[in-house]
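Student: I've got a structure to get my head around, and I'd like to ask how you back up the labels people put on it. Can we go through it together?
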Amino acid sequence: MSEPVRLPDAEHRERAARVFDRNLVVEAGAGTGKTSLLVERLLVAIGSGGATLGSVAAITFTEKAAAELRERLALGLDRLRLLAAREAGRGDLDPAADADRAYAWLRLESGVAAEAIGRRALEALVDLDASSVSTIHAFCSEILRRHPR
C-alpha cells in the first residue's frame, strides 16, 4: 500500500483539529473537507476529555449539512470506541478516516489511555440525540424554547 498524499495545508488542518487554547476560523470552499475537520476536532475534544458532547454546539446552515454532520459524528464516535476497545496500533489505522486520525493523535501522540477514549466516545454516543448538532435556526429556536423571556 502506498503512502497517503500529504495535502499542502495538512499542517493547518492538524492545528484546526487539535488546538483548543484559542479560537480558530476555517474558511474553505465546498467539498474541501470542512465537515471532516469539524468531526475530527469534536472526536479529539471528546476523546481527550477536553469537552463533552453536551458542552459543545456544532452548528451549520442547512438541514442536510446538520444531518450529515450528526451521522458522521455518530460513525466517528463508534469507530473511535471500537479502535479503543481493541487498542489499535498505527498499522491498524486508516489515515483517510476522521476517527482513525483522531485516535492516532489521542492514543499514539498524546498518550491518552485507550479505556478513557472508549468510555468517553460511548458516553458521547449515548448523548448524541440530545446534543446541539443542528442548524443555526434550530439552535436559536431551542434557546428561545428554554428561555422564553
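Tutor: Sure. Keep in mind that this is a predicted model. Let's start inside: the largest nonpolar core has 28 residues, and Leu-43, Leu-73, Leu-77, Leu-80, Tyr-103 and Ile-117 have the most contacts inside it. Helix 2, helix 3, helix 4 and helix 5 (114-127) each supply at least two of the core residues. The largest share, six residues, comes from helix 3.

Student: What does Leu-43 touch, leaving out residues up to four places away in sequence?

Tutor: Among its contacts are Leu-73, Leu-77, Leu-80, Ala-99 and Leu-106. Gly-76 and Asp-98 are touched as well.

Student: On to charges. What makes Asp-100 and Arg-79 a salt bridge?

Tutor: The N to O distance is 2.8 Å. The cut-off is within 4 Å, between a side-chain nitrogen of Lys or Arg and a carboxyl oxygen of Asp or Glu, so Asp-100 and Arg-79 qualify. Asp-100 lies in helix 4 (residues 98-109) and Arg-79 in helix 3 (residues 63-85), so this pair ties together parts that are 21 residues apart in sequence.

Student: Why is Asp-100 called buried?

Tutor: Its relative accessible area is 2%. Buried means under 20%, so Asp-100 fits the label. Its partner Arg-79 comes in at 27%; that is between the 20% and 50% limits, so Arg-79 is partly exposed.

Student: How do you know that Glu-40 and Arg-18 form a salt bridge?

Tutor: Their closest N and O atoms are 3.7 Å apart, and the limit is within 4 Å, so Glu-40 and Arg-18 count. This pair links distant parts of the chain, with Glu-40 in helix 2 (residues 34-48) and Arg-18 in helix 1 (residues 10-18), 22 residues apart. Glu-40 has a relative accessible area of 5%, so Glu-40 is buried. Arg-18, at 21%, is partly exposed.

Student: What about Glu-142 and Arg-145: how far apart are their closest N and O atoms?

Tutor: They are 3.1 Å apart, and that makes a salt bridge. Both residues lie in helix 6 (residues 136-146), three residues apart, about one turn of the helix.

Student: Why is Arg-145 called exposed?

Tutor: Exposed means over 50%. Arg-145 has 57% relative accessibility, so Arg-145 passes. Glu-142, at 28%, is partly exposed. Elsewhere, salt bridges that share partners join Arg-18, Glu-40, Glu-68, Arg-72, Asp-98 and Arg-101 into one network.

Student: How many salt bridges does the structure hold?

Tutor: It holds 11.

Key. Residues numbered from 1 in each chain as written. Predicted model: local features only at pLDDT ≥ 70, side-chain atom pairs only at ≥ 80, totals over all residues. Heavy atoms only, no water. Helix = DSSP H or I, 4+ residues; strand = E, 2+ residues; numbered from the N terminus. Buried < 20%, exposed > 50% of the residue type's maximum accessible area, 1.4 Å probe, protein only. Core = buried A, V, L, I, M, F, W, Y, C linked by side-chain atoms within 4.5 Å. Contact = heavy atoms within 4.5 Å.
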